[in-house]
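Subject: Structure for you to look at, with notes

Dear colleague,

I am passing on the structure we spoke about, and my notes on it follow below. Please read them with the model open beside you.

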Amino acid sequence: MRTVRLAGGVALITAIATGCGAMDVSPAADPAKAPLPSDPTMMEFVDPARVDGIDTRTISGTTGTRIHVTYPSLPEAPALTDRLREEVTRQVRAFTGEREETGPTREFNVEWQITALSSDMVGVRLRSGEYGGLNWRNSTRTLWYHQSGKRPLGSAGLLRDREALSTLAGMVKRRLAPRSPQVNVRAIAPTEAMFDSIAFNRHGDLVVEFDDGQVGPVWLGRVAVAVPREEADPLLSTAGRHARLATEEAPRRAWDGPPMRAFAEAPPKAFSNEHGSVDCTRVKCVALTFNDGPGRYTDDVLDVLARHGARATFFALGANAAAQPGSLRRMRDDGHLVANHSWSHRNLSSLGTPTLSEQLSRTQSAVASVAGQVPTLMRPPYGSMGPEVSRVAEKLGLSVVKWNVDTRDLVERDSRAIERRAIDGAAPGAIILMHDVYRPTLDALPGVLTELGKQGYVFVTVPELDGLDAMEPGQTYYAGRTVSPGTEPGMSGTRRTTHSTMSAIH
């Protein structure tokens, strides 16, 4: 892959992809012959795996609400990374501040795309979603970084001045007015808050996105307008022109996550290359499992595991796997097992079947494309299950893996407390829940491995636990066979199973 880098600039490997703000697009066999999009508000997204040095950062929590936020860290644009962190932190605080003490569990999720990238310009689109028990509501905000100015810009910074913003607002109103009687054009004001998500399509037309419910009822979904290039160009600032060029110079190629690799036959099911090297009927085995990666600390976690000769099961998010494929390949090569944790950490039990299927199948494709293996295990975000999750998992050939030892590293920032929970909860056949995206987990891991190693434990992948060799798709597993009955799943300790039940719970 060819990398273009100018002094102090952001690296760009020359394969930028087309994504869609309104619908997904399947990859075309021949990029040059890909059909032109019928919707001019479709925008360019960069394949994150082709961005040099990128990693992902995570904010999550489950106290009263379900929160999972990811955003990119771009080493050549640290000021943009800082601005993205400030923005998602602001959104999380606003969401938690609105939390009601009663009612359904609410959910907040942020994922991201890179809208354009060149040696001097990068744009990141944050797509936030909020669920309050009735419907899912999306909002977008696109932030830009102009290398020459060394500072991040809001979307309004792509425009020349406030007069240009007012002119753009008028153009948008005229285009929206005849489209739907439900769109309230009077709500459109020439403010930076209203025009906080601006980017360009592949032809250089300027695309303005509005949040769900911002200019009409929430059920309308995404409302966006494309202003033709010849009309928008006079409104652009210097940064805006650079942003347009960064988008237009991208090769035209449809992209919907990593493309499935071309295999001579069906790719193999995911397995540990050390599977069978340990007999868990004769020695004490425990399975460390890590959620939400790969991320900022994943490679460090892999280093620690390697030093201790330990293996683990990694439940990867598809979006993160797409951004950091090298980490997945290392997991595979080091004898670990890569599994499915959905694409963007949505609560699967609240989703309709098509969206639920997409969350899991996109991750299957992402892992297979970079690791050459198709996952056979999945873990639902938040551990949230329902009959439809089991049915879709079974259809995709996925066994569901939960846990029976929770280190609470999702909310705990004391590494010693995390270490203590893992050690105290360990027993033969235990499945221990951890996350490879947090520093306290990384700090706790050496102590866990050292102490349990002294106690005679061997660290294996989940299917190697005694009693779990023949895991069945669609069934849920909390632990391998154990001699400590009576503990409820999700708490420290393990749960008695036999070969006949294999801890299978729908």
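The lining of the largest cavity is made up, by class, of four nonpolar, four polar and one charged residues. Please keep in mind throughout that this is a predicted model. The space in this cavity comes to about 40 Å³, and the residues that line it are His 68, Thr 70, Val 110, Glu 111, Leu 317, Ala 319, Asn 320, Trp 343 and Ser 344. Two or more of the lining residues come from each of the strands β6 (65-73) and β7 (106-117) and from helix α6.

One of these lining residues, Asn 320, belongs to helix α6, which spans residues 318-323. With a relative accessibility of 1%, Asn 320 falls under the 20% limit and therefore counts as buried. Once residues up to four places away in sequence are set aside, Asn 320 touches Thr 56, Thr 70, Asp 292, Gly 293 and Pro 294, and Thr 70 is also among the residues that line the cavity.

Pro 294 appears again in the surroundings of Leu 328, a residue of helix α7 (residues 325-333). Leu 328 has 0% relative accessibility and so counts as buried. Apart from neighbours within four places in sequence, Leu 328 is in contact with Pro 294, Ala 316, Ala 321, Val 338, Val 367 and Val 370. For Val 338, which is 10 residues away from Leu 328 along the chain, the C-alpha atoms of the two residues are separated by 7.2 Å.

Next come the strands. Strand β7, which contributes to the cavity lining, runs antiparallel to β8, and 10 bridges join the two. They form a hairpin with three residues between the strands, and within this pairing Ala 116 stands opposite Gly 123 in β8. On its other pairing, β8 (residues 121-131) is joined to β9 by 11 bridges, again with the strands running antiparallel. Here Val 122 stands opposite Tyr 145 in β9, while Arg 127 has Thr 140 as its bridge partner. The hairpin of β8 and β9 has four residues between the strands, and in its turn Gly 133 has a positive phi of about 110 degrees.

Strand β9 also pairs with β10 (residues 151-153), to which it is joined in antiparallel fashion by three bridges; in this pairing the bridge partner of His 146 is Arg 151. The hairpin of β9 and β10 likewise has four residues between its strands, and Lys 150 takes a positive phi near 55 degrees there.

How much of β8 and of β9 is buried? In β8, eight of the 11 residues are buried, so this strand is largely enclosed by the rest of the structure. In β9 (residues 136-146), nine of the 11 residues are buried, so the same description, largely enclosed by the rest of the structure, applies to β9.

These two strands also bear on the second largest pocket, which holds about 540 Å³ of space. It is lined by 27 residues, and those closest to its centre are Phe 108, Glu 130, Arg 137, Ser 139 and Asp 211. Helix α1 (78-97) and the strands β8 and β9 are the elements that give two or more residues to this lining. By class, the lining has seven nonpolar, 11 polar and nine charged residues.

Finally, the nonpolar cores. In soluble globular proteins, nonpolar side chains tend to be buried together. The largest nonpolar core in this model has 37 residues, and those with the most contacts inside it are Leu 159, Leu 168, Val 172, Phe 195, Leu 206 and Phe 210. At least two residues of this core come from each of α2 (162-176), β11 (198-200), β12 (206-210), β13 (223-227) and α4 (238-248), and α2 gives the most, with seven residues. Leu 206, leaving aside neighbours within four places in sequence, is in contact with Leu 159, Leu 168, Ile 198, Ala 199, Phe 200, Val 225, Ala 226, Val 227, Ala 232 and Leu 236. Apart from this core lies another, of 36 residues, including Val 304, Ala 312, Ala 316 and Val 367; Ala 316 and Val 367 are also among the contacts of Leu 328.

With best wishes

Key
Residues numbered from 1 in each chain as written. Predicted model: local features only at pLDDT ≥ 70, side-chain atom pairs only at ≥ 80, totals over all residues. Heavy atoms only, no water. Buried < 20%, exposed > 50% of the residue type's maximum accessible area, 1.4 Å probe, protein only. Pairing = 2+ DSSP bridges. 1 Å grid on protein atoms, 1.4 Å probe; cavity = no way out; pocket = protein on both sides within 12 Å on 5 of 7 lines; lining within 4 Å. Points joined across faces, edges and corners; volume = space filled by probe spheres on them. Nonpolar A, V, L, I, M, F, W, Y, C, P; charged D, E, K, R; others polar. Core = buried A, V, L, I, M, F, W, Y, C linked by side-chain atoms within 4.5 Å. Contact = heavy atoms within 4.5 Å.
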